[in-house]
Amino acid sequence: GLIDNRFEIIYKEEVVLPARTQKGVNLQVLYESTSYDIKSDKTIQKAELYDMNGVLKSTVNPRNETINIDRSTLSSGVYIIKIYYKNGEVASSLVRN
């Protein structure tokens, strides 16, 4: 028989990709017209942006809950952002078209 209720696709334009989150951390990666806005519910100590070759592209030490990454400085490709908190870290992917 035909099974047509196994999954549902929901599009959310503002979210780039979900983050692999540490337990108890709420992290959002939002696509804006000229930047990526990364918002967390915990204070971000440091963030590192890597390309897929493992080359460190930038480091920021915001010491607050928000990071803004200018997309114009990135060439097309997939990037990994590693975010450090006082008691752990998370990683997420960013896609630059």
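In which strand of the protein is confidence lowest, and in which is it highest? Confidence here is pLDDT, the predictor's score for each residue, from 0 to 100. The low end is strand S1 (residues 27–31), with a mean of 85, and the high end is strand S3 (residues 46–51), at 94. Over residues 14–19 the pLDDT drops below 50, though this stretch still has 21 contacts in the model beyond near neighbours in sequence (contact means heavy atoms within 4.5 Å). Where pLDDT is low, the predicted coordinates should not be read in detail. For the protein, the mean pLDDT is 82, and 78% of residues reach 70 or more.

A word on ground rules: this is a predicted model, where local features need pLDDT of at least 70 and side-chain atom pairs count only at pLDDT 80 or more, while totals for chains, interfaces and linings use all residues. Residues are numbered from 1 along each chain as its sequence is written, and side-chain values use heavy atoms, leaving out hydrogens and water.

Now the sheet. Strands are DSSP runs (E, at least two residues), numbered from the N terminus, and two of them pair if DSSP finds at least two bridges between them. Three strands make an open antiparallel sheet, in the order S1-S2-S5. S1 and S5 (64–70) each have a single partner strand, so one side of each lacks a neighbour in the sheet. S1 and S2 (residues 35–44) pair over five bridges, and Tyr31 stands opposite Tyr36 in S2.

Two charged ends sit over tyrosine rings (NZ of Lys or CZ of Arg within 6 Å of the ring centre and within 35 degrees of the ring normal):

| Charged residue | Ring | Distance to ring centre |
|---|---|---|
| Lys46 | Tyr84 | 4.9 Å |
| Arg71 | Tyr36 | 5.9 Å |

Key
Helix = DSSP H or I, 4+ residues; strand = E, 2+ residues; numbered from the N terminus.
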